[in-house]
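I opened this notebook to keep a record of what I looked up, going from the overall fold to single residues. Each entry stays with one part of the chain.

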Amino acid sequence: MKRFPPLKILPAALLAVSALALSACGFTPLYGYQGVTKGLGAIEVVASDGRAGYLLREKLDDALARNANVLPSHRLVYSIKEQRYARGVRVDNVANRYELNMTANWRLLDAKTGQSVRNGSTNATVTYDSADQPYASIAAQQDAQERAATEVARKIQLDLAAWLAGKAAA
């Protein structure tokens with residue numbers, strides 16, 4: 001009969017005890033609230049202009065798990081502002097490190113009335129290196145844009161999920 005050392009059982013036991021403690025104190029995951037997942041899936045995202053607008057729409061559709069079989073209850077419209085700052089400079093005074101700041105000002109509209117029911121401003125900042133080769137520099141900038149869009153979409157998703165959970169609890 002093989003005996004397990006107590007050090008290997010301890011992490012599993014702590015995980016089980018912490019899960020019980022969280023459930024005993026009334027902890028409910030955000031997606032545990034009735035209607036949050038369905039509510040997020042019923043939000044239609046309207047893309048803004050440009051590459052960043054398209055990227056953010058793609059990321060939001062993924063984050064919200066848009067259900068195309070359901071009529072949208074809300075529409076999410078947004079505008080994007082991007083700012084790029086040189087943060088690292090080489091000896092020959094050429095920037096080789098950049099910071100990209102993406103800000104999305106968004107409004108959630110009721111699909112039937114067109115009235116704004118929620119709005120906000122969400123931003124994300126990412127950094128990237130700029131290479132000497134032009135194509136590599138463009139690829140790095142586009143990758144940074146995609147990472148920023150992913151982060152902005154995640155923050156908007158969390159804001160909307162918290163709002164829907166609050167509506168369901170009230």
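The entries below follow the order in which I looked things up.

**Entry 1: overall make-up**

I noted before anything else that this is a predicted model. I then listed the secondary structure and found four helices and four strands, which follow one another along the sequence in the pattern α-α-β-α-β-β-β-α. Of the 170 residues in the protein, 30% are buried. For the surface I recorded an exposed area of about 10900 Å², of which carbon and sulfur atoms supply 55%. I also looked at the contacts between residues at least 6 apart in sequence, and 63% of these join residues at least 24 apart.

**Entry 2: the sheet**

In what order do the strands lie in the sheet? I read the order as E1-E2-E3-E4, in an open sheet with mixed pairing. Strand E1 (43–46) and strand E4 (116–129) are the edge strands, each of them pairing on one side only. Ignoring direction, I found neighbouring strands of this sheet turned against each other by 25° on average.

I went through the pairings one by one. E1 pairs with strand E2, residues 74–89, in the parallel sense over four bridges; within that pairing, Glu44 has Arg75 as its bridge partner in E2, and Val45 has Leu76. E2 and E3 are antiparallel, with 15 bridges between them, and here I noted Val77 standing opposite Arg107 in E3. E3 and E4 also run antiparallel, joined by 13 bridges, and the partner of Asn101 in E4 is Thr125.

Both antiparallel pairings turned out to be hairpins, so far as I followed them: E2 and E3 have five residues between them, with Asn93 in the turn at a positive phi of about 65°, and E3 and E4 have five residues between them, with Gly114 in the turn at a positive phi of about 80°.

**Entry 3: the faces of E1**

Which side chains of E1 are buried, and which are not? I found Ile43 and Val45 pointing to one face and buried, whereas Glu44 and Val46 point to the other face and are not buried. This is the alternation that a regular strand shows between the two faces of its sheet.

**Entry 4: helix H3 and the loop after it**

I followed helix H3, residues 50–64, and saw that it lies across E1, E2 and strand E3 (95–110), running at about 120° to E2. Ala63 has its place in this helix and, with a relative accessible area of 22%, is partly exposed, since the buried class requires a value under 20%. Leaving aside neighbours within four places in sequence, I found Ala63 in contact with Ala153 and Gln157. I also recorded the C-alpha to C-alpha distance from Ala63 to Gly41, which is 9.2 Å for a separation of 22 residues in sequence.

In the loop between H3 and E2 I came to Ala65, whose phi is near 55°, a positive value in a residue other than glycine.

**Entry 5: the aromatic pair**

I searched for aromatic pairs and the structure holds one. Why is the pair of Tyr98 and Tyr128 stacked? The ring centres of Tyr98 and Tyr128 are 5.6 Å apart and the planes stand at 20°, so the pair counts as stacked, the cut-off for that class being under 30 degrees. The pair links distant parts of the chain, with Tyr98 in strand E3 and Tyr128 in strand E4, 30 residues apart. Both tyrosines, Tyr98 and Tyr128, are buried. I also noted the charged end of Arg84 over the ring of Tyr98, at 4.2 Å from the ring centre.

**Entry 6: Asn105**

My last look was at Asn105, which lies in strand E3. Is Asn105 buried or partly exposed? Its relative accessibility is 40%, so I entered Asn105 as partly exposed. Not counting residues up to four places away in sequence, Asn105 touches Val77, Tyr78, Ser79, Gly120 and Ser121. For one of these, Ser79, I recorded a C-alpha to C-alpha distance of 5.4 Å to Asn105, with the two positions 26 residues apart in sequence numbering.

Note on methods:
Residues numbered from 1 in each chain as written. Predicted model: local features only at pLDDT ≥ 70, side-chain atom pairs only at ≥ 80, totals over all residues. Heavy atoms only, no water. Pairing = 2+ DSSP bridges. Helix = DSSP H or I, 4+ residues; strand = E, 2+ residues; numbered from the N terminus. Axes fitted to C-alpha atoms, helices over the stretch in contact; angles between N-to-C directions. Contact = heavy atoms within 4.5 Å. Phe/Tyr/Trp six-rings, centres within 6.5 Å; stacked < 30°, edge-to-face > 60°. Buried < 20%, exposed > 50% of the residue type's maximum accessible area, 1.4 Å probe, protein only. Lys NZ or Arg CZ within 6 Å of the ring centre and 35° of its normal. Areas by Shrake-Rupley, 256 points an atom, 1.4 Å probe, with all protein chains shown as cover.
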